[in-house]
Amino acid sequence: MADMEALKQESRIFNPSAELASQAAISGMDAYRALCDEAERDYEGFWGRLARENLSWQQPFTQVLDESDAPFYKWFGDGKLNVSYNCLDRNLENGNADKTAVIFEADGGEVTRLTYRELHGRVCQFANGLKSLGIRKGDRVVIYMPMSIEGVVAMQACARIGATHSVVFGGFSAKSLQERIIDAGAVAVITADEQVRGGKQLPLKAIVDDAFALGGCEAVRNVVVYQRTKGKIGWTEGRDLWMHELVAQQQDSCEPEWVESEHPLFILYTSGSTGTPKGVQHSSAGYLLWAALTMKWTFDIKPQDVFWCTADIGWVTGHSYITYGPLAVGATEIIFEGVPTFPNAGRFWDMIARHKVSIFYTAPTAIRSLIKAADADPAVHPDRYDLSSLRLLGSVGEPINPEAWMWYYKNVGHEKCPIVDTFWQTETGGHMITPLPGATPMVPGSCTLPLPGIMAAIVDETGQDLPNGQGGILVVKRPWPSMIRTIWNDPARFRKSYFPEELGGKTYLAGDGAIRNKDNGYFTITGRIDDVLNVSGHRMGTMEIESALVAHPLVAEAAVVGKPDETTGESICAFVVLKRPRPVGDEAKQIAKELRDWVGKEIGPIAKPKELRFGDNLPKTRSGKIMRRLLRVLAKGEEITQDVSTLENPAILDQLKHAI
Ligand code: WT7
């Protein structure tokens with residue numbers, strides 16, 4: 001990030017309000033330290049206590065942590081439970097049956113509310129529907145759905161019958177979807193006819209059909225289609241079914257399938273530095289424990305709260321803080337179909353006011369784009385809306401720069417709402433390093449301190465601890481319940497990616513750089529240490545984009561780097577060598593557009609390079625290695641001051657200096 005230096009020196013401190021602190025789940029730093037001490041003293045006792053207190057077990061566990069097959073750790077191994085039971089039935093039994101579980105707001109503004117009883121009924125009906133299709137415990141089901149109650153119902157229904165879901169974000173292309181269907185070995189796909197975003201209808205079912213046309217999806221027996229728009233779609237008799245027809249005859253109760261703690265609840269694909277996306281596999285018990293517990297610790301959730309996480313269910317944030325966490329603690333939550341800028345950039349503030357949202361959780365990219373919009377048009381400034389219901393704010397997915405933090409704190413939270421800057425990853429299942437709203441003094445731009453029981457540390461390449469004030473590699477030294485269990489179909493890659501031998505084979509490597517403040521030990525994330533980009537909080541591997549580019553018939557070679565971007569955090573800059581002479585002028589512009597669209601089709605619109613530059617070659621060492629470090633400097637538009645004497649072709653740098 002461009003303002004890293006400023007960030008490291010940030011020293012403004014904001015204390016949690018006394019009122020919030022006095023009633024918080026973790027009240028004050030002494031309470032926080034007491035929990036940390038408990039975990040230090042008796043790690044298994046600590047986690048065992050929390051798992052008994054926070055989850056309902058069909059069969060209690062006797063063993064907490066099994067490290068015998070490290071790094072393939074097992075948690076609560078001999079216990080049995082059901083995730084959907086914990087999210088739904090439990091609420092019917094403890095007095096929440098008539099409480100609003102979800103408030104769905106459609107893109108166009110229509111609002112639908114469901115109580116816990118109603119949501120339970122819907123999930124059971126759909127679970128019975130899936131069973132009627134022969135879907136059983138352990139089967140994989142791909143979900144390619146818009147933001148909807150039905151999307152959450154589909155995930156919960158899978159959990160209820162013990163099927164492992166794999167949600168694919170609705171912005172991914174047919175090819176990305178096909179790869180995931182094949183890798184997961186899915187027996188069914190759940191989708192919608194279309195999705196609606198910003199007033200536009202966009203295809204989903206048609207993309208599923210395209211994915212099938214690419215081949216290899218023969219294991220899929222059925223495609224279940226939620227009717228969202230009634231738009232025209234293709235239909236394969238015998239394979240395709242309407243969701244409403246499937247559930248019409250089904251009972252609204254369904255005995256949950258009791259599964260082992262380690263039973264895979266879901267697989268979620270995410271980008272790594274090399275190769276194809278990794279199927280991050282999560283457990284049932286450990287994962288749910290952390291989703292529920294972080295709702296209490298980080299969000300201090302209370303019975304009267306209205307909780308709104310703006311993420312999509314296609315990302316892990318939507319899994320943990322829409323589908324599972326809020327329901328596991330009996331909260332009322334918002335599910336939003338649309339986008340922050342439709343019908344105008346006041347949509348979030350308007351929704352907070354109308355639904356009396358008390359906890360609001362969004363991404364820095366959204367905040368930065370809404371700052372811009374509010375600057376340009378005072379009518380969509382948060383001060384035009386009644387945001388007095390808010391009591392807590394959250395940030396997720398990428399570093400939040402201090403300017404955006406201050407704006408959020410002042411204009412949205414009116415200096416009374418703490419901001420929890422939550423650092424975590426698809427692989428961690430839930431929050432890892434974050435302020436506690438009723439305890440931790442906040443510093444803009446710092447995710448502050450690890451949650452109790454999370455043994456985060458900063459080390460060098462050999463695994464040696466580094467002193468505070470010295471930047472290094474972020475690791476977690478002990479396993480925790482919601483950690484990734486393996487990479488689906490690729491345990492060797494799991495070991496190599498996250499528990500490398502250089503660090504001893506038992507230390508979790510996050511893939512981020514970090515530094516701790518000299519005085520208070522606060523963590524600041526300094527960005528990925530691998531070739532993973534973060535664009536608008538969306539994670540992408542440079543290699544994936546490069547592979548997509550070189551798959552185009554015109555492209556000989558491509559290198560992709562991230563470039564700091566004021567709004568999206570990072571943006572994608574691609575350096576491309578064509579199989580024909582380097583294009584200039586209009587021809588360059590036209591080919592750039594063609595390649596951008598190509599990447600959109602290969603991966604999805606979120607992977608389209610913002611900028612493309614053409615060269616006769618790429619800067620390479622004499623051994624042929626592309627010097628990405630130099631490309632990053634060029635992308636930023638800065639002068640190269642590094643030593644380029646090892647370069648085979650230094651003259652190429654001049655050619656790549658300028659945007660088209
Ligand atoms: C990567 C994980 C967090 C769940 C959604 C994204 C970056 C995430 C923060 C934060 C600085 C952050 C890291 C991380 N990141 N949160 N609060 N401050 N960086 O999950 O797609 O798996 O991405 O996002 O680089 O490794 P993801």
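How far does a polar side-chain atom of aspartate 512 lie from an oxygen atom of the ligand? In this predicted model, the distance is 2.4 Å. The views below start with the sheet and then come back to the ligand.

**View 1. Seven strands make up an open sheet.** Reading across, you'd meet them in the order 5-4-17-16-18-19-20, and the pairing is mixed. Strand 5 (111-115) and strand 20 (419-422) sit at the edges with a single partner strand each, so one side of each has no neighbour in the sheet. From one strand to the next, the twist averages 20°.

**View 2. Here strand 16 (residues 306-309) pairs with strand 17 (residues 332-336).** Strands of a sheet pair through backbone hydrogen bonds, in either a parallel or an antiparallel way. This pair is parallel and has three bridges. Look for valine 306: its bridge partner in strand 17 is threonine 332.

**View 3. Helix 6 (residues 116-132) lies across strand 4 (100-105) and strand 5.** Compare the helix with strand 5: they run at about 90° to each other.

**View 4. The ligand is surrounded by 17 residues.** The closest are Asp421, Thr426, Asp512, Arg528 and Arg539. Sort the shell by type and you get six nonpolar, six polar and five charged residues.

**View 5. Backbone atoms take part in contacts with the ligand too.** A polar backbone atom of threonine 422 is 2.9 Å from a ligand nitrogen atom, and one of glycine 397 is 3.3 Å from a ligand oxygen atom. On its own the ligand would expose 550 Å², but the protein buries 94% of that. Helix 12 (316-328), strand 20 and strand 25 (523-528) are the elements that each give two or more residues to the shell.

Key:
Residues are numbered from 1 along each chain as its sequence is written. This is a predicted model: local features need pLDDT of at least 70, side-chain atom pairs count only at pLDDT 80 or more; totals for chains, interfaces and linings use all residues. Side-chain values use heavy atoms; hydrogens and water are left out. Two strands pair if DSSP finds at least two bridges between them. Helices (H or I, at least four residues) and strands (E, at least two) are DSSP runs, numbered from the N terminus. Axes are lines fitted to C-alpha atoms, for helices over the stretch in contact, and angles run from 0 to 180 degrees between N-to-C directions. Contact means heavy atoms within 4.5 Å. A residue is near a molecule or strand if one of its heavy atoms lies within 4 Å of it. A polar contact is a pair of N or O atoms within 3.5 Å; within protein, one must be able to donate a hydrogen and the other to accept it, and residues adjacent in sequence count only if both atoms are side-chain atoms. Accessible areas come from the Shrake-Rupley method with a 1.4 Å probe; for residues, only the protein chains shown count as cover. Ala, Val, Leu, Ile, Met, Phe, Trp, Tyr, Cys and Pro count as nonpolar, Asp, Glu, Lys and Arg as charged, and the others, Gly among them, as polar.
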